[in-house]
Amino acid sequence: MTRVYLHGLSKVFHGQEEVHAVKNLDLEIASGKITALLGPSGCGKTTTLKMIAGLLRPTEGDVSFDGQSVLGIPAEKRGAAMVFQNYLLFPYMSVGENVGFGLRMRHVDKKTIEEKVSEMLELVRLPGYENRRPKQLSGGQQQRVALARALIIEPKVLLLDEPLSNLDAHLRDEMREFILGIQRQLGITTIFVTHDQQEAVVLADVIALMFDGELHQFDLPNAFYERPSSVRVARFFGGVNFLEGVKQGEQVETPLGILHVNHQEIADGPVVVTVRPEHLRLGEQGENAIQARVRSHVYVGTHTRFRAEADERQFEVVAEAASVERFRDGETLPLKFPREKIWLVPPEESASLPTG
Amino acid sequence: MAVMVAIAIAIIVPMLPLITWSFSFRWYFPDLIPTSLSMRAWKYVFSRASKAPQAAIQGVQISLVATLLSLVTGVPAGRALGLHKFRGKKLVQFLILAPTIIPPLSVVMGIHVAFIRYGLAAKMLGVMLVHLIPTTPYVVMVMSSVFANYDPEYEEQARTLGAGLLRTFIHVTLPAIFPGIIVGGMFAFIISWGQYVLTLLIGGGRVITLPVLLFCFAGSGDNAVTAALCVLFVAPAILILIFSSKYLTGESAALGGFGA
């Protein structure tokens with residue numbers, strides 16, 4: 001069980017132009033938990049992972065395991081095993097040799113290696129696969145071999161690069177359960193990177209969201225939906241309903257009228273109101289209800305998505321499936337912003353909020 | 001197997017007249033085959049008097065060392081060109097390839113002066129070093145295309161599993177680039193083996209290899225001995241080609257020149 005601290009971590013690549021891949025990153029990664037580094041491609045998450053692994057040297061800052069700086073320890077002695085996105089099984093080795101690679105590098109005797117390899121293959125539910133070739137395995141099986149190869153060295157930290165993105169949809173759920181199961185069983189501190197917020201939410205205990213090399217929010221998965229730190233974070237997690245206004249106490253004055261909100265930490269002044277599509281109530285009267293016209297709808301079986309318009313501003317509403325029969329396109333209805341579901345974020349600096 | 005047979009036919013058939021010559025005693029126009037055969041030329045070639053055995057041994061030594069040295073320099077150079085982008089890459093590529101376009105004769109005079117100063121002229125080591133001029137471009141060309149198709153993340157993977165730099169190279173990099181090393185090394189050996197001008201100028205007539213000897217006999221008018229020497233000269237190249245043909249075919253061959 002290892003706690004990982006990243007302190008003021010920065011990485012600058014000096015190529016034909018300078019690229020600040022990671023900027024002053026502070027992160028405290030809890031021991032025995034799964035932490036996701038989430039962000040769009042090019043946000044510096046893989047660079048961060050490689051700095052933890054010891055494959056890249058930080059330009060500034062420190063990486064420490066259990067309070068001990070590991071910057072002076074080369075990758076091969078750091079005990080941070082990484083599983084790459086395309087598994088990278090050594091093609092000229094059998095499955096058994098692949099899994100035993102780390103122990104062979106540690107000069108463990110042959111018999112012990114054999115025992116450990118078969119134990120590991122059992123753990124990843126591929127018993128007896130020692131003599132297969134990596135090429136003969138499916139993508140999911142290759143990934144499980146790669147996982148076994150990383151786990152056999154009993155690493156302090158397990159690093160996963162996009163663990164689910166290379167898998168077919170039906171394999172993803174299985175693999176997720178599988179990784180969670182093994183991680184819970186071994187209690188190993190796990191850090192993975194992904195660009196897919198869905199993947200982060202279903203697999204991680206804690207998520208660190210990065211944009212442009214900077215940490216934007218470090219929180220529990222549900223917080224990104226309920227309490228995003230900015231419009232950008234909200235949008236990355238599928239937030240589409242934004243309304244600018246001016247906060248005063250427990251009221252926000254918006255172009256669509258005054259909205260009553262619960263007490264929130266954010267200072268009085270300009271704010272942006274966010275409400276998730278599944279929290280807006282179409283056709284409901286009462287506090288915070290505005291008049292909106294239904295523009296269009298999509299019936300998706302489990303629910304119905306409506307697009308509503310108020311004063312040239314568009315809102316998306318996810319309502320129960322049956323409401324497809326209740327509301328007609330073109331109808332003007334009340335649209336309620338439930339007080340307890342409203343979340344206020346600071347206005348974007350560029351001040352260019354999309355109205356549609 | 002079929003490939004090996006095809007290579008053998010394509011190479012050995014054109015050599016049949018040469019082989020016939022080497023066994024001939026008398027072969028005058030307009031006879032289709034020699035009127036009488038003999039082992040005279042072969043016996044002479046394999047005797048100490050012809051200097052051919054010593055020349056062959058010396059040639060093998062020179063070519064092996066030249067091959068090794070061009071691999072030692074060419075593999076890292078090929079890696080840099082195949083994997084990385086850097087300023088002046090095109091210029092470096094051109095300079096490395098230049099010896100395949102520019103006749104080595106144009107620079108070897110200057111090199112000779114320098115080699116005399118460093119005591120390398122008329123020495124085996126000098127000849128080995130000067131052979132790097134024509135051999136290195138081929139090794140670099142082969143290795144850069146090998147590395148262009150190579151994923152260096154395999155090395156990172158090995159590092160995080162506990163392999164140090166040296167063991168990563170031995171267990172991960174080397175097996176992946178091995179076909180390229182065989183092909184590049186083979187090119188280097190054959191090119192070095194066939195060098196005449198460079199060997200003669202730097203060796204100063206003291207370092208005798210088969211091509212040097214061959215030119216002497218070709219001027220002497222003894223066709224049978226010249227033919228026997230020719231066969232001896234070509235034999236290693238053919239053997240190498242046949243043994244390494246499996247690396248030249250199929251997916252392991254990565255011979256596309258400089259990969260981007």
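Two strands pair if DSSP finds at least two bridges between them. The exercises below apply this to a predicted model.

**Exercise 1. In which sense do strand 3 and strand 9 of chain A pair, and over how many bridges?**

Solution.
- Locate the strands. Strand 3 covers residues 34-38 of chain A, and strand 9 covers residues 206-211.
- Count the bridges. There are 4.
- The cut-off is at least two bridges, so these strands pair.
- Read the direction. The sense is parallel.
- Check one bridge. A:Leu38 has A:Leu209 in strand 9 as its partner.

**Exercise 2. Place these strands in their sheet: what is the strand order in chain A?**

Solution.
- The order is 6-7-8-3-9-10, with 6 strands in an open sheet.
- The pairing is mixed.
- Find the edges. Strand 6 (80-83) and strand 10 (214-219) of chain A each pair on one side only.
- Add the twist. Neighbouring strands of this sheet are turned by 20° against each other on average, direction ignored.

**Exercise 3. Which strands of chain A do helix 1 and helix 5 lie across?**

Solution.
- Take helix 1 (residues 45-53) of chain A. It lies across strands 3, 6, 7, 8 and 9 of chain A.
- Its angle to strand 7 (157-161) of chain A is about 150°.
- Take helix 5 (residues 139-151) of chain A. It lies across strand 6 and strand 7 of chain A.
- Helix 5 runs at about 175° to strand 6 of chain A.

**Exercise 4. Find the partners of strand 19 in chain A: how many bridges join it to strand 15 and to strand 16?**

Solution.
- Start with strand 15 (residues 281-282) of chain A. It pairs with strand 19 (residues 332-336) over 2 bridges, in the antiparallel sense.
- Here A:Arg281 stands opposite A:Lys336.
- Turn to strand 16 (residues 289-299) of chain A. 5 bridges join it to strand 19, again antiparallel.
- Here A:Arg293 stands opposite A:Thr332.

**Exercise 5. Describe the contact between the chains: how many residues does each chain give?**

Solution.
- Chain B gives 13 residues and chain A gives 17.
- Name the helices on the chain B side. Helix 9 (153-160) and helix 10 (165-193) of chain B each supply at least two residues.
- Find the largest share. Helix 9 of chain B supplies it, with 6 residues.
- Sort the chain B side by type. It holds 5 nonpolar, 4 polar and 4 charged residues.

**Exercise 6. What share of chain A counts as buried?**

Solution.
- Chain A has 356 residues, and 40% of them count as buried.
- A residue is buried if 20 or more other C-beta atoms lie within 10 Å of its own.

Technical notes: Residues numbered from 1 in each chain as written. Chains lettered and ligands numbered in written order. Predicted model: local features only at pLDDT ≥ 70, side-chain atom pairs only at ≥ 80, totals over all residues. Axes fitted to C-alpha atoms, helices over the stretch in contact; angles between N-to-C directions. Contact = placed C-beta atoms within 7 Å. Nonpolar A, V, L, I, M, F, W, Y, C, P; charged D, E, K, R; others polar. Buried ≥ 20, exposed ≤ 12 C-beta atoms within 10 Å, placed from the backbone.
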